Amino acid sequence: MKLPAFYVTPTTQVILVGITCFATTGMYSAVSNLGAGGTQDISLSDTTNGILYGFFAVTGLISGGINNVLGGKFTLFIGTLGYALYFGALWCLQAQGTRWFLIFSGAVLGFTAALLWSAQGAIMMSYPLEKDKGKAFGIFWAIFQFGSFIGAVIALAINIRSGTLSAVSTSTYIAFLVIIIFGIFSSLLVLPPNRVIRSDGTLVKLQARTGVKEEFVSMVRLLKDWRMIALLPMFFASNYFYAYQASVNATVFDGPTRAVNATLEGAGAIIGALMIGYGVLDANYMARRTRGYVGLGVVTVIVIIVWAVGLSWQVTFDRDYLAKHDNKPINYHDKGFAGKGALFFFYYFGDACYQALAYWIMSALTNDPFKLARYAGLYKAVQSAGGAGSFGMDAVLTPLLNEHLASWIMMLVSFPLAFLVIRSIKETNYEDEQMVYVDEVLKREVLAGHDVERVQREREGLDLENGEKVAVDEKGGSLEESA
């Protein structure tokens, strides 16, 4: 099947992955942001999320290797299936009260989500040119978080009639499931790296997959890389605060207002991702390492200011908020809501910037999609371990102030170590990694879906139907001669 030229570009592939995550993980984020997974049962939600993140963490250690062996498209497809099961379980809980099924679905989702995010990370970090990796994150994260934004708007539109909502309605889950099914099918549209052509004429990678033995050896090497070790605190902290923020949302706000907060969170994440991606990390008038330093500075300032404001509010209440306020949660019509809503906006604005910096640092270390899949797997594994710990901490009803301080301190500790890794970033990795350039003849082969690995194996020349021969030199340049 011949593909149009725009379809084999990195931007199109990043958009497709963004659409897949918009319809799956975006819906999960939307319902999570409604507080207690939309159930209003904080204990059940924390237990489910703790198991989910635990399985996510274990699977994440090998998910990059699984992606490299199976290929990105199939891995992404498997990764979407757990979200449909999870929302089906939420629906069953709402209709039948089947608590065990929700916990089981959380375990399955932990496994499949690790696969999805490894495939996503490999595509988003390796397909674009070095100068476009910040923009790629901004595009992906904006589309992905638009799923959370739309999901929250759907929930708000359905539930706005009642100001005393105790849980997300069944019709909300049905709407989410329809969107998730769309996301499952969209994952099948993604191309492997050997069929994606960058704007400078290079293929992302001629090799489409690796082997099990190669992945095992590479994973051992990855765990010995000092740069990955230095980034572990950043990885661990990057999702730790979600349990705290969801618990605050469920503790002090009513149902419709939780949906409003979720909408604000989605908007904050979209704007934050685009700002940091386009305005800082890909500000190409600066050297690449300088962009990293500036990005780190911007994120540090945002985290300090936003979480300091959050602390000033957090010291005024705890989990007994309703008991001390005549069982009356905050509604978005209340006079004091505006500042609290803005805080949730900036929590996720800062989250997007923090995640962008983590992804950008990893993508600046290499352009190899297989290495980046392993980086993404490790990132999500450690991130999920942090998430599991935070939901476990929340499940035992730890004071909210303690959760706030733990989340904030972890992020602050990660910044000096991230600085050390940024110091090691080179201006380019193109000189160290073999780049394969595609001439017009080979480009037609890729667009037609032919096996381009054959071209690389036949390095001395490739006989084509039109009588031309092409050789690819060691630096990736192509030489042509008449047959």
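Let us start at Leu400, a residue that sits in helix H16. The model you are looking at is predicted, and Leu400 makes a good first stop in it. Is Leu400 buried or exposed? Its relative accessible area is 0%, which is under the 20% cut-off, so Leu400 counts as buried. If you set aside the neighbours within four places in sequence, the residues in contact with Leu400 are Tyr244, Ser247, Val248, Gln314, Phe317, Asp318, Arg319 and Asp394. Take Phe317 from that list: along the chain it is 83 residues away from Leu400, yet the two C-alpha atoms are separated by 8.4 Å.

Arg319, one of the residues that Leu400 touches, leads us to another part of H16. Its side chain meets that of Glu403 in a salt bridge, with 2.7 Å from N to O. This pair ties together distant parts of the chain: Arg319 lies in the loop between helix H12 (288–314) and helix H13 (321–324), while Glu403 belongs to helix H16 (residues 400–423), and their positions lie 84 residues apart in the numbering. Glu403 has a relative accessible area of 2%, so it is buried. What lets such side chains pair up? Side chains of opposite charge can pair when their charged atoms come close.

Now step back to see the whole chain. How many helices and strands does the protein chain have? Its secondary structure comes to 18 helices and 4 strands. The chain has 483 residues, and buried residues make up 59% of them. Of the contacts with a separation of 6 or more, 83% are between residues 24 or more positions apart.

With that overview, return to H16 and look at a helix that packs on it. Helix H9 (residues 226–237) and H16 have their axes 8 Å apart and meet at an angle of about 155°. Because angles over 145 degrees count that way, H9 and H16 are roughly antiparallel to each other. The crossing of H9 past H16 is left-handed. Which residues of H9 and H16 meet? On the H9 side they are Trp226, Arg227, Ala230, Leu231, Pro233, Met234, Phe236 and Ala237, and on the H16 side Met410, Met411, Ser414, Leu417, Ala418, Leu420 and Val421. Sorted by class, this contact has 13 nonpolar, 1 polar and 1 charged residues.

Arg227, which is among the H9 residues at that contact, also forms a salt bridge with Asp225, where the closest N and O atoms are 3.0 Å apart. With a relative accessible area of 15%, Asp225 is buried.

A second pair of helices gives you something to compare. Helix H11 (residues 255–281) and H12 pack with their axes 10 Å apart, at an angle of about 140°. That angle makes H11 oblique to H12. H11 passes H12 in a right-handed crossing. Here Met275, Ile276, Val280 and Leu281 from H11 meet Arg291, Val294, Gly295, Val298 and Val299 from H12. By class, the contact of H11 with H12 has 7 nonpolar, 1 polar and 1 charged residues.

Follow Arg291 out of this contact and you arrive at a network of salt bridges that links Lys131, Asp132, Lys135, Asp282 and Arg291. Within it, Lys131 forms a salt bridge with Asp132, and their closest N and O atoms are 3.3 Å apart. Lys131 has 43% relative accessibility, so it counts as partly exposed. In total, the structure holds 10 salt bridges.

For another buried residue, visit Phe176 in helix H7 (residues 170–186). Its relative accessible area is 0%. Leaving out residues up to four places away in sequence, Phe176 touches Met27, Ala30, Val31, Phe87 and Gly151. Phe176 and Thr24 are 152 residues apart in sequence, but 8.7 Å apart in space from C-alpha to C-alpha.

The tour ends in two loops. Most residues other than glycine have a negative phi. Asn327, in the loop between H13 and helix H14 (337–365), has a positive phi near 60°. Leu397, in the loop between helix H15 (369–395) and H16, also has a positive phi, near 60°. Are these residues buried or exposed? Asn327 is exposed, with a relative accessible area of 62%, and Leu397 counts as exposed at 55%.

Conventions:
Residues are numbered from 1 along each chain as its sequence is written. This is a predicted model: local features need pLDDT of at least 70, side-chain atom pairs count only at pLDDT 80 or more; totals for chains, interfaces and linings use all residues. Side-chain values use heavy atoms; hydrogens and water are left out. A salt bridge is a side-chain nitrogen of Lys or Arg within 4 Å of a carboxyl oxygen of Asp or Glu. Buried means under 20% relative accessible area, exposed over 50%, partly exposed in between (1.4 Å probe, protein chains only). Axes are lines fitted to C-alpha atoms, for helices over the stretch in contact, and angles run from 0 to 180 degrees between N-to-C directions. Angles under 35 degrees count as roughly parallel, over 145 as roughly antiparallel, 65 to 115 as roughly perpendicular and the rest as oblique. A crossing is left-handed if the near helix is turned anticlockwise from the far one by less than a right angle, and right-handed if clockwise. Contact means heavy atoms within 4.5 Å. Ala, Val, Leu, Ile, Met, Phe, Trp, Tyr, Cys and Pro count as nonpolar, Asp, Glu, Lys and Arg as charged, and the others, Gly among them, as polar.
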